Amino acid sequence: MTLTLNLPAVPEVELVAAKAVELVGRDLQLASTSIESVSVATVEACLNAIEHGNQSGFTVRVGTQDDGEGRWLVIEVEDHGVGFDPDAVPAGGKSRKHGSASNRGWGLKLIRDLMDDVQVESRPGLTIVRMRKRIGGAE
Amino acid sequence: MNDEQLKLSSELMAGGVGLVAASGYINNEGGQAIADVINGLLKQGATALLIDLKGTRIINSIGVSILLEVLEKLMERNGRLAFCNLTPTIARTFEIMGLAEYASIYSDRTEALEELARLTHPD
């Protein structure tokens, strides 16, 4: 089963994707902490798609996968913008004064930290951020 | 998504502690709304701020960035910033983005207010 959402690039539409993740996560009996982590990662991926995609919107797919390593909740966020080099994304900046992060660019870092497995495929016209959370894994 | 609509309340408490209670989704607009409320508390004389996030499940990176700007403003004034009632994911987000390094994090409002009172008035 895969839930597919074709979403317009409008303010707070990322919450629609987060709600879908929450419902599927609950159905899979994922721990609430895991659901929250996946929801935040999904929000960040959607924000990137809204910011860097084109005006026609983006697609979110929520589903499950079984492989030799176990069972996964899988979220894909696809946009058709200019694309980017995931290895060149700065992992959040440091402010001059206190060493804290005060600027943008944290989305991909958060996604990678909150999810168990993240793959990014990006080229001009197509970006897919594929995020997986292990079902029944450690918190 | 109504449960994610941001609700804010604020109060200047004894000892110059400004309390901000925020529940709902904190994005760029929500973060800015919190910053505006905090600016008001600072003008009223607050020297320490407690942000209670009970009821907030999602804060995005832009919202956290705005809170970092609030933190820097407070640190320039030798003020204190504290949070309470964070979900584990929000606490982790604060840790990743550096906010937890400079702000204090407490489990609940009672503990936070007691500790802030002790720190701001050690006698």
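Axes here are lines fitted to C-alpha atoms, for helices over the stretch in contact, and angles run from 0 to 180 degrees between N-to-C directions. The model is predicted: local features need pLDDT of at least 70, side-chain atom pairs count only at pLDDT 80 or more, and totals for chains, interfaces and linings use all residues. Residues are numbered from 1 along each chain as its sequence is written, while chains are lettered from A and ligands numbered from 1 in the order in which they are written.

**Exercise 1.** Work out which strands α1(A) lies across, and its angle to β1(A).

*Solution.* Start with the elements: helices (H or I, at least four residues) and strands (E, at least two) are DSSP runs, numbered from the N terminus. Contact requires C-beta atoms, placed from the backbone, within 7 Å. Now take α1 of chain A, residues 14-27: this helix lies across β1, β2 and β3 (70-79) of chain A, at about 170 degrees to β1(A). Then turn to α2(A), residues 32-52, which packs on the sheet and touches β2, β3 and β5 (126-134) of chain A. The direction of α2(A) makes about 20 degrees with that of β3(A).

**Exercise 2.** Find the strand order of the open sheet in chain A, then its edges.

*Solution.* Two strands pair if DSSP finds at least two bridges between them. Following the pairs gives β1-β2-β3-β5-β4, five strands with antiparallel pairing. The edge strands, pairing on one side only, are β1 (2-7) and β4 (117-123) of chain A. Next, check one pair: six bridges join β1(A) to β2(A), residues 58-67. In β2(A), A:Val62 is the bridge partner of A:Leu3.

How values were computed. Contact = placed C-beta atoms within 7 Å.
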